[in-house]
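Here are my comments on the model you sent round, set out point by point. Please read them with the structure open beside you.

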Amino acid sequence: MSKIGLYGGSFNPPTKAHIELAKKVINQCNLDKIIFVPVGDLYQKEGLAKGVDRYNMLKIACNGHKNLEVSDIEIKNNKNYKTIEIFKILKDKYTKEEPFFIMGADNLEKLPFWYESNNLVSNYNYIILDRGSNKAKNIIENNELLKKNKKRFIIISNGEFYDCSSTTIRQQIKKREKPENLDDGVYNYIRENNIY
């Protein structure tokens, strides 16, 4: 059975760091591929570009990387999914693969308080992106639900990518600067479509 990573987020815009981090996760966790899953337009976040544009930018950023793909499942359905709903849809879609859901340590901390958290933690596998500070390990050890299911979690460091934020890139674009952490094709798409 092949192993896939499902990497959700706003990707507003997708950066070189998102791509490099995905490649690192594939190598460290022996995944066959990673599928980016950008959030839909109903996601409440200020300054969020349209879903179709974030999807298109991700497709451009992933171009040439055969083990990176993009899913439009949240965007095309135009529904505000609960986490458990999107996980179930993705797990049902990729029945021949073993899925791993990729999230940051900050979301891991919130996971025990999400809707149907027991189901989420007990029945799904996770790759946790930590900043190299052992935050994720401490979160798991200090929460009964997470600790009981700690075999579900793989922790890898993403400290070297942390300084490359989409917020900074959006600010640079507004100032008419060309961000170095942005793929040329993505930058051109942003300029041509007047995003941000």
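The points below take up the sheet, two of the helices, a loop residue and the cysteines.

1. This is a predicted model, and the comments that follow should be read in that light. The sheet is open and is formed by six strands in the order E3-E2-E1-E4-E5-E6, with parallel pairing. Strand E3 (68-70) and strand E6 (153-157) stand at the edges, and because each has a single partner strand, one side of each is left without a neighbour in the sheet. From one strand to the next, the twist averages 25°.

2. At the E3 edge, the pairing can be followed residue by residue. Strand E2 (residues 33-38) runs parallel to E3 and is joined to it by three bridges, and Phe 36 has Val 70 as its bridge partner in E3.

3. Two helices can be placed against these strands. Helix H2 (residues 51-62) lies across E2 and E3 and runs at about 165° to E3, whereas helix H4 (residues 83-93) lies across strand E1 (2-9), E2, strand E4 (97-104) and strand E5 (125-130), running at about 150° to E4.

4. Helix H2 deserves a closer look. At 1.5 Å a residue, its 12 residues should span 16 Å, and this agrees with the end C-alpha atoms, which are 16 Å apart. The buried residues of H2 are Gly 51, Asp 53, Arg 54, Tyr 55, Met 57, Leu 58, Ala 61 and Cys 62, and what covers them includes H1, E2, E3, helix H3 (73-77) and helix H10 (184-193). Just after H2, Gly 64 takes a positive phi of about 90°.

5. Is Asn 12, in the loop between E1 and helix H1 (16-29), buried or exposed? Its relative accessible area is 2%, so Asn 12 counts as buried. The side chain of Asn 12 reaches the backbone oxygen of Gly 47 at 3.1 Å. Leaving aside neighbours within four places in sequence, the residues in contact with Asn 12 are Gly 47, Leu 48, Ala 49, Arg 54, Ser 166, Arg 170 and Tyr 196; Arg 54 is also among the buried residues of H2.

6. For anyone considering the cysteines, a search of the whole structure finds zero disulfides. Why is Cys 29 not bonded to Cys 62? The sulfur of Cys 62 is the closest cysteine sulfur to that of Cys 29, but the two are 17 Å apart, which is too far for a bond. Cys 29 is buried, at 5% relative accessibility, and Cys 62 is buried with a relative accessible area of 5%.

Technical notes. Residues numbered from 1 in each chain as written. Predicted model: local features only at pLDDT ≥ 70, side-chain atom pairs only at ≥ 80, totals over all residues. Heavy atoms only, no water. Pairing = 2+ DSSP bridges. Helix = DSSP H or I, 4+ residues; strand = E, 2+ residues; numbered from the N terminus. Axes fitted to C-alpha atoms, helices over the stretch in contact; angles between N-to-C directions. Contact = heavy atoms within 4.5 Å. Buried < 20%, exposed > 50% of the residue type's maximum accessible area, 1.4 Å probe, protein only. Polar contact = N/O pair within 3.5 Å; in protein donor to acceptor, adjacent residues only side chain to side chain. Expected span 1.5 Å × (residues − 1). Disulfide = S-S within 2.5 Å.
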